Each structure stands twice: as C-alpha cells, then as structure tokens.
Amino acid sequence: MTKSELKNLIRECISEEMTKSDWGTSEEILSNVMMTLEREVEWPLTEIMDPKEVKNLLQPIRNKINSLIPE
C-alpha cells in the first residue's frame, strides 16, 4: 500500500458523514484501518527503519484514528 493510498483510505474512513456502509460501521472501518496500518505499513517499515522511528512516524495517524473511534 502506497502512502497516497493510505492517505486516501484514511480520508474515506474519517468522513464525518459516514455511518454505515458496505464496509461496516465507522468504528469497524477505523479498527480495520488500524490493523492494516500495523500489518501493511508498520511491520514492513521496521525492516528498513528503526522501530522507534517508525512508531514516531505513525503516531500522529494512530492518534487521529483513535480519536475518531467511539469509546
């Protein structure tokens, strides 16, 4: 998944107008994005970057997604 594709996916997922779609509820979608972020972005990046750098790089994205998931 490219950086551009990830940005587009996140934009779609955080749309405030999204309630329920073929993809599930907004909470399900955001949870799936978090899992995909970890598997498809974070893990591969740790092969070529320091894990701490990867964590710092992705933390703003995680924070934004977490802020949108209802508690």
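**Figure 1. The largest pocket and the residues nearest its centre.** In this predicted model, 14 residues line the largest pocket, and K3, L6, V41, L58 and I61 are the ones that lie nearest its centre. Three elements each give two or more residues to this lining: helix 1 (3-13), helix 2 and helix 3 (51-68). Helix 1 provides the largest share, with five residues. The space inside comes to about 330 Å³. And what kinds of residue make up the lining, by class? Eight are nonpolar, five are charged and one is polar.

**Figure 2. A closer look at L58, one of the residues nearest the pocket centre.** L58 sits in helix 3. Its relative accessibility is 3%, so L58 counts as buried, the cut-off being under 20%. Which residues does L58 meet once its neighbours within four places in sequence are left aside? The answer is L37, V41 and E42. V41 deserves a second glance here, since V41 also belongs to the group nearest the centre of the pocket. From C-alpha to C-alpha, L58 and V41 are 8.9 Å apart in space, with their positions 17 residues apart in sequence.

**Figure 3. The salt bridge between E42 and R62.** How many salt bridges does the structure hold? There is one, and E42 forms it with R62, the closest N and O atoms being 2.3 Å apart. E42 lies in helix 2 and R62 in helix 3, so the pair ties together parts that are 20 residues apart in sequence. Are these two charged partners buried or exposed? Both E42 and R62 are buried.

**Figure 4. The surroundings of E42.** This view stays with the helix 2 partner, whose helix covers residues 26-45. E42 has a relative accessibility of 17%, and because buried means under 20%, E42 falls in that class. Not counting residues up to four places away in sequence, E42 touches L37, V54, L58 and R62. The list brings two earlier views together: L58 is the pocket residue of Figure 2, and R62 is the salt-bridge partner of Figure 3.

**Figure 5. The surroundings of R62.** Here we move across to the other partner, R62, which is placed in helix 3. R62 has a relative accessible area of 15% and is therefore buried. Which residues does R62 touch, not counting those up to four places away in sequence? They are M34, L37 and E42. L37 is worth following from view to view, as L37 is also in contact with L58 and with E42.

**Figure 6. The whole chain, as a setting for the close-ups.** Stepping back, the chain has three helices and two strands, which follow the pattern α-β-β-α-α along the sequence. Of the 71 residues in the chain, 25% are buried, and E42 and R62 are among them. The accessible surface comes to about 5,500 Å², with 51% of it belonging to carbon and sulfur atoms. Among the contacts in the chain with a separation of 6 or more, 46% are between residues 24 or more positions apart.

Note on methods:
Residues are numbered from 1 along each chain as its sequence is written. This is a predicted model: local features need pLDDT of at least 70, side-chain atom pairs count only at pLDDT 80 or more; totals for chains, interfaces and linings use all residues. Side-chain values use heavy atoms; hydrogens and water are left out. Helices (H or I, at least four residues) and strands (E, at least two) are DSSP runs, numbered from the N terminus. Buried means under 20% relative accessible area, exposed over 50%, partly exposed in between (1.4 Å probe, protein chains only). Contact means heavy atoms within 4.5 Å. Accessible areas come from the Shrake-Rupley method with a 1.4 Å probe; for residues, only the protein chains shown count as cover. On a 1 Å grid over the protein atoms alone, a cavity is a set of points where a 1.4 Å probe fits but cannot get out, and a pocket is an open set with protein on both sides within 12 Å along at least five of seven lines; lining residues have an atom within 4 Å of a point. Grid points are joined across faces, edges and corners, and a volume is the space filled by probe spheres set on the points. Ala, Val, Leu, Ile, Met, Phe, Trp, Tyr, Cys and Pro count as nonpolar, Asp, Glu, Lys and Arg as charged, and the others, Gly among them, as polar. A salt bridge is a side-chain nitrogen of Lys or Arg within 4 Å of a carboxyl oxygen of Asp or Glu.
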